[in-house]
Amino acid sequence: MILQETIDKIFETTNIEEVVGDFVDLKKAGVNYKGRCPFHEEKTPSFVVSPTKGIYKCFGCGKGGNSVTFVQEIQQSSYPEALKYIAQKYNIEIIEKEISADLEKRNSDKESQFIATKFACKYFEEMLWDTEEGQKIGLSYFKERGFSLEIIRKFQLGYSPKKQNSFKNIALAAGYDKKVLISSSLIGENDGGESYDKFRERAIFPIHAY
Ligand code: ZN
């Protein structure tokens, strides 16, 4: 495990415009930088990097975060891998601590849950926008509550279909571990060991950690 002091040093040293600038052509725009988003197709730049806040935000697809999440996202790497990548860029020595197998397992469980939740978020989003049921029930509900389409996209709101176990079946077919789906509270399990979708015919509001 990478020591917290090392992580702090990485965050202190990093200039987000330099990290992002290795992947995106950025132009100065006032106190910020602007470029074409690397996470979705676009002709006019709506991807903004703020050096003072140390964050990026795309006003097209809603993606946002800090230097480390940017590297994770663009390289499809884990949190420690992204930290190591940035440390190398700035010649920061990585100090690691041995951790118990138990803690290591807990960390990797957490990461698996994070990946499964992200998959679920995308699935519910697709169900909202790309199915008749989602548009008729979910989207019209959000509109009724006064959310603009832009806000619905930005916060990745979604819809879970009425059909029993539609998420579970897709997630299992995509190779997600049932245990991880249960520990992420995406599916439940009854006493008979039968698993089922936790969300059915529901509007979905994902919680974003940044
Ligand atoms: Zn974007």
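Contact means heavy atoms within 4.5 Å. Helices (H or I, at least four residues) and strands (E, at least two) are DSSP runs, numbered from the N terminus. This is a predicted model, in which local features need pLDDT of at least 70 and side-chain atom pairs count only at pLDDT 80 or more, while totals for chains, interfaces and linings use all residues. Residues are numbered from 1 along each chain as its sequence is written, and side-chain values use heavy atoms, with hydrogens and water left out.

**Exercise 1. The whole chain**

Task: Describe the protein chain by its elements, box, burial and contacts.

Solution.
- Start with the elements: the protein chain has 9 helices and 9 strands.
- Next, the box. Along the principal axes, the C-alpha atoms fill roughly 55 × 45 × 25 Å.
- Then burial. Buried means under 20% relative accessible area, exposed over 50%, and partly exposed in between (1.4 Å probe, protein chains only). Of the 210 residues in the protein chain, 34% are buried.
- Last, contacts. Take those between residues at least 6 apart in sequence: 54% join residues at least 24 apart.

**Exercise 2. The sheet**

Task: Work out the strand order of the open sheet of 5 strands, and find its edges.

Solution.
- Fix the pairing rule: two strands pair if DSSP finds at least two bridges between them.
- Read the order. It is β1-β2-β3-β4-β5, with antiparallel pairing.
- Find the edges. β1 (27–29) and β5 (64–66) each pair on one side only.
- Add the twist, which averages 25 degrees from one strand to the next.

**Exercise 3. Register and turns**

Task: Trace the bridges from β1 to β4, and locate the glycines with positive phi in the two hairpins.

Solution.
- β1 and β2 are antiparallel, over 3 bridges. K27 has K34 as its bridge partner in β2.
- The hairpin of β1 and β2 has 2 residues between the strands, and G30 there takes a positive phi near 65 degrees.
- β2 (residues 32–35) joins β3 (residues 47–50) through 3 bridges, again antiparallel. G35 stands opposite F47, and Y33 has V49 as its bridge partner.
- β3 and β4 run antiparallel, joined by 4 bridges. Here S50 stands opposite I55.
- The hairpin of β3 and β4 has 4 residues between the strands, and G54 in the turn has a positive phi of about 70 degrees.

**Exercise 4. Faces of the strands**

Task: Which side chains of β2 are buried, and which of β3?

Solution.
- Begin with the rule: in a regular strand the side chains alternate between the two faces of the sheet.
- Apply the rule to β2. Y33 and G35 point to one face and are buried. N32 and K34 point to the other and are not.
- Turn to β3, where both faces are covered. F47 and V49 are buried on one side, V48 and S50 on the other.

**Exercise 5. Helix α3 and E73**

Task: Place helix α3 against the sheet, then decide whether E73 is buried or exposed.

Solution.
- Angles run from 0 to 180 degrees between N-to-C directions; axes are lines fitted to C-alpha atoms, for helices over the stretch in contact.
- α3 (residues 67–75) lies across β3, β4 (55–58) and β5, at about 120 degrees to β5.
- E73 is found in α3. Its relative accessibility is 17%, so E73 counts as buried.
- Set aside neighbours within four places in sequence: E73 is in contact with F39, K63 and K118.

**Exercise 6. Helices α1 and α4**

Task: Classify the packing of α1 on α4 and list the contact residues.

Solution.
- α1 (residues 4–13) and α4 (residues 79–89) pack at about 55 degrees, with axes 10 Å apart.
- That angle makes α1 oblique to α4. The classes are: under 35 degrees roughly parallel, over 145 roughly antiparallel, 65 to 115 roughly perpendicular, and the rest oblique.
- The contact uses I7, I10 and F11 of α1, with Y79, L83, I86 and A87 of α4.

**Exercise 7. Helix α8**

Task: Which residues of α8 are buried, and what do they pack against?

Solution.
- In α8 (residues 166–173), S166, F167, K168 and A171 are buried.
- These pack against α5 (101–130), α9 (178–183), β7 (187–189) and β8 (195–197).
- Just after α8, G175 takes a positive phi of about 95 degrees.
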